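Thanks for coming. I have one structure to go through this morning, starting with the whole chain and then taking the parts in turn. Here is the sequence with the model.

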Amino acid sequence: LLSTYKDGVAKLNGYLDDYAFFTTALIDVYELVQVRRYLDRAQELAGVLLRHFWDASAGGFFFTSDDHEQLILRSKPAFDGSIPSGNSVACRALLRLYHLTENAEYRERAEAILRLYGTAMREQPFGFANLLCAVDFYVEQPHEIVVVANGGASGAVSLLQALRRRYLSNRTLRVIEPHGAAPSFLEGKRTVDGQPTLYLCRRQTCMPPVTTVDGLLALLGGGAPQP
């Protein structure tokens with residue numbers, strides 16, 4: 001990513017915030033439209049963060065990349081200001097990517113960020129509101145929602161519309177084809193009677209599948225599986 005554009009010319013390396021916020025936006029778009037290229041692009045940008053911004057000695061992300069112009073000091077922002085800190089946004093994005101891809105490196109790097117700022121968060125929680133959201137996501141674990149449907153998202157419109165009308169603070173959403181690649185915790189679970197089928201899972205444990213909007217509403221009303 002480049003950070004400025006004028007008169008047809010883009011220049012200057014992107015910063016931590018550019019990568020962290022754009023990666024988060026791509027994950028949001030992927031969960032909305034279920035088009036794989038958005039998730040792939042999010043992983044590509046996360047890879048740049050891990051290669052060029054990561055502090056290999058202490059953990060966490062520097063604000064500038066290792067191929068940026070030489071600075072006296074590479075800062076590592078953690079406190080929220082008028083917008084959330086780049087490290088907090090990147091941390092939560094890595095956790096979301098882990099649950100969407102099962103790539104353990106994302107979780108391990110996020111854990112390193114949480115360890116790095118753990119003491120500071122306990123001492124000054126008001127400065128780390130967004131990173132505390134990442135802590136909540138990590139500790140409580142998200143509701144992992146997988147919809148299995150012929151035709152992908154276009155084959156499960158009613159279930160997806162009903163789902164999006166309900167707020168779940170921590171959740172991931174994937175729509176897969178009946179014979180597509182499934183997350184490990186859904187091994188062997190496919191559609192029920194050929195209908196679009198929704199699985200609500202947490203901590204590798206899934207509730208009974210539902211195939212109707214009424215069933216979905218009842219499931220969400222009853223809560224998610226407990227650890």
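For 227 residues, a compact globule would have a radius of gyration near 17 Å, and this protein has 19 Å, which agrees. Please keep in mind that what is on the screen is a predicted model. Taken along the principal axes, the C-alpha atoms fill a box of roughly 65 × 45 × 30 Å.

Next, the inventory. There are 8 helices and 6 strands in the protein. Their order along the sequence is β-β-α-α-α-α-α-α-β-α-β-β-β-α.

Now the helix packing. Two packed helices are described by the angle between their axes and the distance between the axes. I will take helix 4, residues 104–116, as the reference and go through three partners.

The first partner on my list is helix 3, residues 86–101. Helix 3 and helix 4 pack at about 150°, and their axes are 8 Å apart. An angle over 145 degrees counts as roughly antiparallel, so that is the term for helix 3 and helix 4. The crossing of helix 3 with helix 4 is left-handed. Which residues make the contact between helix 3 and helix 4? On the helix 3 side they are N87, C91, L94, L95, L97, Y98 and T101. On the helix 4 side they are A104, Y106, R107, R109, A110, I113 and L114. Sorted by class, the contact of helix 3 with helix 4 has 10 nonpolar, 2 polar and 2 charged residues.

Next is helix 2, residues 36–52, which packs against helix 4 at an angle of about 45° with the axes 12 Å apart. Helix 2 is therefore oblique to helix 4. Helix 2 also passes helix 4 in a left-handed crossing. Q43, A46 and L50 of helix 2 make the contact with E105, Y106 and R109 of helix 4. That contact of helix 2 with helix 4 has 3 nonpolar, 1 polar and 2 charged residues. Y106 and R109 also appear in the contact with helix 3.

The remaining partner on my list is helix 6, residues 129–140. The axes of helix 4 and helix 6 come within 11 Å and cross at roughly 130°. That angle makes helix 4 oblique to helix 6. Here too the crossing is left-handed. From helix 4, the residues R107, E111, I113 and L114 meet L131, V135 and Y138 of helix 6. The class count for the contact of helix 4 with helix 6 is 5 nonpolar, no polar and 2 charged residues.

A short stop at a loop. D67 sits in the loop between helix 2 and helix 3. What does D67 touch, leaving out residues up to four places away in sequence? The contacts are N13 and H52. D67 and H52 are 15 residues apart along the chain, and their C-alpha atoms are separated by 7.3 Å.

That leaves the sheet. Strands of a sheet pair through backbone hydrogen bonds, either parallel or antiparallel. In this model an open sheet of 4 strands has the order 4-3-5-6, and the pairing is mixed. Strand 4, 171–176, and strand 6, 205–206, are at the edges with a single partner strand each, so one side of each has no neighbour in the sheet. Strand 3, residues 143–148, runs parallel to strand 4, and 6 bridges join them. V146 stands opposite R174 in strand 4.

One helix goes with this sheet in my notes. Helix 7, residues 157–164, lies across strand 3, strand 4 and strand 5, the last being 197–202. Helix 7 runs at about 175° to strand 4.

That is what I have; I will take comments now.

How values were computed
Residues are numbered from 1 along each chain as its sequence is written. This is a predicted model: local features need pLDDT of at least 70, side-chain atom pairs count only at pLDDT 80 or more; totals for chains, interfaces and linings use all residues. Side-chain values use heavy atoms; hydrogens and water are left out. Axes are lines fitted to C-alpha atoms, for helices over the stretch in contact, and angles run from 0 to 180 degrees between N-to-C directions. Helices (H or I, at least four residues) and strands (E, at least two) are DSSP runs, numbered from the N terminus. Angles under 35 degrees count as roughly parallel, over 145 as roughly antiparallel, 65 to 115 as roughly perpendicular and the rest as oblique. A crossing is left-handed if the near helix is turned anticlockwise from the far one by less than a right angle, and right-handed if clockwise. Contact means heavy atoms within 4.5 Å. Ala, Val, Leu, Ile, Met, Phe, Trp, Tyr, Cys and Pro count as nonpolar, Asp, Glu, Lys and Arg as charged, and the others, Gly among them, as polar. Two strands pair if DSSP finds at least two bridges between them. The radius of gyration is taken over C-alpha atoms; the globule rule is 2.2 Å times the number of residues to the power 0.38.
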